[in-house]
Amino acid sequence: MSKRAKTKEVSSPVAKKPKMANGSHNTLTSPAAAVHQEIDEDLHSRQLAVYGRGAMRRMAESNILICGLGGLGVETAKNVILAGVKSVTLHDTAAVQASDLSAQFYLAEADVGSNRAQACQRRLQELNPAVAVSSSQAALDESFLTKFQVVVLANVPLAEAVQIDRICHAKGVAVVSACIRGVFAYVFCDFGPRFIVNDTDGEEPHTGIVASITATHPTVVTCVEDERLQFQDGEHVIFSEVEGMPELNKGKPFKVINCKAHSFQLEQDITADFGTFVRGGLVTQHKTGKTLAFKPLEEALKDPGEFLLTDFAKMERPGLLHLGFQALDAFQAEHKRLPKPYDAADADAVVAAAQKLNAKAGQGAEQLDEALLKKLAWTAAGELSPMAAVFGGIVGQETVKAITGKFTPIHHFLYFDAVEALPADPLPAAQVAAKGGRYDSQVAVFGSAVQQKIQDLKLFLVGAGALGCEFLKNFALMGVGCNAGGRVTVTDDDIIEKSNLSRQFLFRDSNIGSAKSSVAARAATVINPAFNVHPLQNRVSPETEEVFDDSFWEGLDMVVNALDNVNARLYVDSRCVYFCKPLLESGTLGPKCNTQMVIPRLTENYGSSRDPPEKQAPMCTLHSFPHNIDHCLTFARSEFEGLLEKAQTEANAFLSDTAKYLSAIRSASDAAAREQLEKVVEVLVTEKCRTFEDCIAWARKRFQVQFHDRIAQLVYTFPEDAATSSGARFWSAPKRFPHPLDYSATDDTHASLVQAAAILKAESCAISVPKWASDAAKVAQLAGEVDIPAFVPRAGVQIETDPKATSAKPSAAYDDEAIIEGMITKLQEAQAELPKDYRLVPVVFEKDDDTNYHMDLITGLANMRARNYQIQEVDKFKAKLIAGKIIPAIATTTAMATGLVCLELYKVLQSKAVEDYRNTFANLAIPLFAMSEPLPPKTFEFTPQGGETMKWSLWDRWILKGDLTVQETLNWFKERGLEAYSISCGQCLLYSNIFPKHRDRLTRKMSDLVQNVAKVAIPANRAHFDVVVACEDEEGEDLDVPLVSIEFRAQVAQVNGAAK
């Protein structure tokens, strides 16, 4: 649902928390003040989920120098500024050229001749006013370089890079040097002789619940089969809460061996001094950092060590490119220019230089691949925006690592190429000749013919969020759809929120509340005024097929997904398969990303493989036996919605049309109807609030019910020594024995909880909130004065303990009909006293507004639940991440993912073979890059007796022309040696040979059956309908055949074909 659709039926004065201006995206803050700012969680919530507060604070204290403001430099600057460092200094002595506009998105034609750093400074500053952005042309000497914590060198010549790195290495300044040349690139990192990595991968420590510990050596620890253990041999773990073994709980790390799915062994012998295991306990992975020693660039060029691979099909490639880039640099130093595009003499000179370096080194690549080195030379003059995006993401992430010690850095060199994207044959000079335009760099690599294809593209971009913004930037720079016949259609039904601004770089503060697609489209046309982009605000789904109809899909050349949920991806994937359109797919999760190429007839589709569904906790675990904070937060979210949204919505349905509502309840007269009506009685009768003081009393009573009385009843029903029917301990792992809580007005968590609950209850009742309600201590004191009756346990209460149960056991037998009638009487009496237009205000959970008390209530409910069961409590931000299901996201990963996808776009336009495409999984944290060829689609084939072999895959549809009868359809299959025995449309069976009555349908038109039996409305502009036909081969074996389309409207088909 679009967030614009969320409206409240009644508005009421609601207390809002005061919010500090410090750290706001609106406020330009001096570098000195930035150190003392609190992190703006509304702005950086997704990034905080990746880095944590400690790393974010270290970033806010760091000064970064970026040398070279071409495409690579500006991409890196963008990502680092969005991350929230203290300052970024842009250094460049070069003037803007028209060819810079192919990859540098903050330069315009009017900037040609200006200094590159100065020309883009203002636009980069707009990304994050809290970061001080300046430009400089100062000499890169020791006095200047030592002002920074990290120096980034973007396409800086090796001789200059070696000199800068020598100074920085000696003075403790980290260096990240990178270079992109055509479809080739490298990154080099030097973080000094002793760099400490605080967190190698950024993952939460793995945990397990102890079921048993043997008194043997080696000691075997078995955990409950709640989840698969993630421990690896050689790691260390820490124990806690293990009963009977106090020595084990002292926080000492133990090395583990022989790790299996639900058990592991301890290397240390603990049989003598650690006691005997009784029950329970937690085991947690003990994460440790590591120290890395980096060589200076000058030394690493001679002895690079082990290279980080990106494609395991190119094991020898890094060593070759290590020589190739040095040879290219030598050519540039000698000739004061890069090799000319596809110039044979220049390429030969680069190859000769590489051979000379190889002979001098006496090591490296044994046999030089001269063809690859020539391709490096041929394309070196071009700077491509997708390559800049990929390596701007990687370099930006390495810069963050150097600042924070968060994640494992690239240890010296990473080399990369996308040589599969290049034309199969060398291009003639006329194809790559520079014309003084913005696309010259791209033409230098792919030629003018491919450039024309790019500009003629009709592309559909689904999503205008973080991925969408990056794609639109890349498309504008590449010239996608920029000819008269080309167009990019982008759609997104969402609006811009503050949390988007830390990574969706086309948006600004002033855009908050506006449609994402429209704002992103306008911003992209600023990058390239010739960009033909058409924004829509429609969700792509079955409900919008009148917008995205057959003619729309048939008119496309390509589809690019920029979505954040699986269901939407699956739908778009199904449309692309149906209309046989290429789909370029990608997704990110924190520092991880994946890309998948879905190419008609060459690869499998996105839906061919999918992750298993997310595991859901059993109902009884959430209700009575939680054992981790996720369970507590799920409970809290459910309580929030039940108490403040669902009950109010139900009551409004009763108030809006009482007669209709009560008629439906009486017709049902079952337990579900009774429970439904109970919610209405609660909010309108038994728990109705008229004043804010009533709301405080309500909050206090809810505290008593949830965290004292229900727990007291649970331990009364199941005492600590309770046993199961088999004699086993009832309270054994993973169950945790709970304890009731007594309310205390002096407990800050209690105070915050009742304050938030009272304020939100008042909002739901349209009750004005007094100013003193912002004083949690005063609210807590008043709550403490509420008279609470003493709890008396009840015998015979049924509490569900079956993990497979989906609903709670009834506490007693009910006469539902009689109870319903009694409640209806109460409601009618209460309604008579209400104003005719009285309505409640459902409170819809919104995680990203830190002033609305929603997360305060969720956090309080979850932590009180955790305290009942002695589970580690969490702060509000951690609660927001889990309860709000926030997807961790950072700008660096997003940039890299979209760049990788756009490299594949070049291949689609050249109709490359399947082995030339690459799917990628990357994790910038480790770092890991795994590129592989896409899998081909599953194919089927059938050879009828005496006929030709038929082959098909998921990409095929069989199209039958004419307004056919059922018999004519069956005959079409029979002519091909197939026996069709049933035909269906949607959920409706149109024909089956096992039903005698269906013989009457043999002479009826298929179009008649589809419209009048299956009740499918076929739009007037659609020439066909689809049916599923079940077939047998000549031997009676079932055979999966493609979807069948019957083109029954010849005139419409002709019109559509002409339009296409």
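This briefing covers a strand barrel, the nonpolar cores and one buried glutamine. The model is predicted: local features need pLDDT of at least 70, side-chain atom pairs count only at pLDDT 80 or more, and totals for chains, interfaces and linings use all residues. Residues are numbered from 1 along each chain as its sequence is written, and side-chain values use heavy atoms, without hydrogens and water.

**Barrel**
- Six strands (DSSP E runs of at least two residues, numbered from the N terminus) close into a barrel in the order S8-S9-S12-S11-S10-S13, with antiparallel pairing (pairing requires at least two DSSP bridges).
- Strands S8 (residues 207-213) and S9 (residues 219-223) run antiparallel and are joined by three bridges.
- Isoleucine 213 stands opposite valine 221 in S9.

**Nonpolar cores**
- The largest nonpolar core (buried Ala, Val, Leu, Ile, Met, Phe, Trp, Tyr and Cys residues joined through side-chain atoms within 4.5 Å) has 181 residues, and those with the most contacts inside it include Leu124 and Phe391.
- Apart from this core lies another, of 61 residues, among them Ala636, Leu714, Ala758 and Ile767.
- Beyond its neighbours within four places in sequence, phenylalanine 391 is in contact (heavy atoms within 4.5 Å) with residues including Leu72, Ile180 and Phe416.

**Glutamine 104**
- Glutamine 104 is found in the loop between strand S2 (87-91) and helix H4 (116-127) (helices are DSSP H or I runs of at least four residues).
- Glutamine 104 counts as buried because its relative accessibility is 0% (buried means under 20% relative accessible area, with a 1.4 Å probe and protein chains only).
- A polar atom of its side chain lies 3.1 Å from the backbone oxygen of leucine 69, and the side chain of glutamine 104 reaches the backbone nitrogen of tyrosine 106 at 2.8 Å.

Methods:
Buried means under 20% relative accessible area, exposed over 50%, partly exposed in between (1.4 Å probe, protein chains only). A polar contact is a pair of N or O atoms within 3.5 Å; within protein, one must be able to donate a hydrogen and the other to accept it, and residues adjacent in sequence count only if both atoms are side-chain atoms.
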